Amino acid sequence: MTEDCLFCKIISKEIPSYILYEDDEILVFLDINPITKGHALFIPKKHIANLCELKEEEIGFMKKLPAIARKLKEVTGATGMNLIQNNGKDAGQVIFHIHFHLMPRHPNDGLTMLPPRTALDKVGAEDLINKFAQ
Ligand code: 5GP
Ligand code: ZN
């Protein structure tokens, strides 16, 4: 529990939320401003800021993500599911308690989330491969 963290307050029930699932490790609740019907947030109860702060030994809670996604898909009658996960302010992270957005999708639901793409820069790619290997 981190005092200033909104999601820690949701976990402790200091702030109310619509909870879909809870156990000793995770909480799954509805996003207050859903992008799609059933848009839910999957979070660990342990306060971890984001993916880059997550240690290998803390990753166990993530094994529950597929079953939660399956169940949410089933109960919303969705035919697809987006998983969005923002890390850092410049990536759109607003709440610094790691969370996974589960967004049920339906055919022709009008949601377009993918920006235009560019061709891969080959020199840049090779440079990155070299840096990654160091
Ligand atoms: P982020 O932009 O950090 O990836 O996502 C934070 C999410 O938390 C947003 O989708 C936002 O709607 C949601 N959110 C913010 N405040 C509350 C709240 O008080 N209750 C709930 N249920 N969701 C919240
Ligand atoms: Zn927290």
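Reader: Why is His97 called buried?

Author: His97 has a relative accessible area of 0%. Buried means under 20%, so His97 counts as buried. Bear in mind that this is a predicted model.

Reader: And what makes Cys8 buried or exposed?

Author: Its relative accessible area again. Cys8 comes out at 2%, and the cut-off for buried is under 20%, so Cys8 is buried.

Reader: How do you know which atoms coordinate the zinc ion (ligand 2)?

Author: By distance. A donor has to be an N, O or S atom within 2.8 Å of this metal. Cys5 (SG), Cys8 (SG), His47 (ND1) and His97 (ND1) sit at 2.1 to 2.3 Å, so these atoms pass as donors.

Reader: What makes the site of the zinc ion (ligand 2) tetrahedral?

Author: The angles among its 4 donor atoms run from 105 to 116 degrees. Four donors count as tetrahedral if all angles lie between 85 and 135 degrees, so the label fits.

Reader: What spacing do the donors follow along the chain?

Author: The pattern for the zinc ion (ligand 2) is C-x2-C-x38-H-x49-H. Cys8 belongs to helix 1 (residues 6–11), while His97 is in the loop between strand 4 (80–84) and strand 5 (100–105), so the pair ties together parts 89 residues apart in sequence.

Reader: Over to ligand 1. Which residues come nearest?

Author: There are 16 residues around ligand 1, and Asp31, Gly92, Val94, His99 and His101 come nearest.

Reader: What makes the pair between ligand 1 and Gly92 a polar contact?

Author: An oxygen atom of ligand 1 lies 2.8 Å from a polar backbone atom of Gly92. The limit for a pair of N or O atoms is 3.5 Å, so the pair qualifies. The side chain of His101 also has an N or O atom 2.8 Å from an oxygen atom of ligand 1. With Ile32, a nitrogen atom of ligand 1 is 3.3 Å from a polar backbone atom, so that pair is within the limit too.

Reader: How much of ligand 1 does the protein bury?

Author: The protein buries 82% of the 520 Å² that ligand 1 exposes when taken alone.

Reader: Why is strand 2 called mostly covered?

Author: Strand 2 (residues 26–30) has 5 residues, and 4 of them are buried.

Reader: How do you know that strand 2 pairs with strand 1?

Author: Two strands pair if there are at least two bridges between them. Strand 1 (residues 19–22) and strand 2 have 3 bridges, in the antiparallel sense, so they pair. Ile19 has Phe29 of strand 2 as its bridge partner, and a hairpin of 3 residues joins strand 1 to strand 2.

Reader: What about strand 2 and strand 3: how many bridges join them?

Author: 5 bridges join strand 2 to strand 3 (residues 40–44), and these strands run antiparallel. That count meets the minimum of two, so they pair as well. Phe29 stands opposite Leu41 in strand 3.

Reader: Why does Ile68 count as buried?

Author: Ile68 has 13% relative accessibility, and buried means under 20%, so Ile68 makes the cut. Ile68 is in helix 2 (residues 65–76). The C-alpha atoms of Ile68 and Leu20 are 9.4 Å apart, with the two residues 48 apart along the chain.

Reader: What does the whole protein chain look like?

Author: The protein chain has 3 helices and 5 strands, in the order α-β-β-β-α-β-β-α. Of its 134 residues, 32% count as buried.

Conventions:
Residues numbered from 1 in each chain as written. Chains lettered and ligands numbered in written order. Predicted model: local features only at pLDDT ≥ 70, side-chain atom pairs only at ≥ 80, totals over all residues. Heavy atoms only, no water. Donors = N, O, S within 2.8 Å, 3.2 Å for Na, K, Ca; no water. Tetrahedral: all angles 85-135°; square planar, octahedral: opposite > 155°, others 65-115°. Buried < 20%, exposed > 50% of the residue type's maximum accessible area, 1.4 Å probe, protein only. Near = heavy atom within 4 Å. Polar contact = N/O pair within 3.5 Å; in protein donor to acceptor, adjacent residues only side chain to side chain. Areas by Shrake-Rupley, 256 points an atom, 1.4 Å probe, with all protein chains shown as cover.
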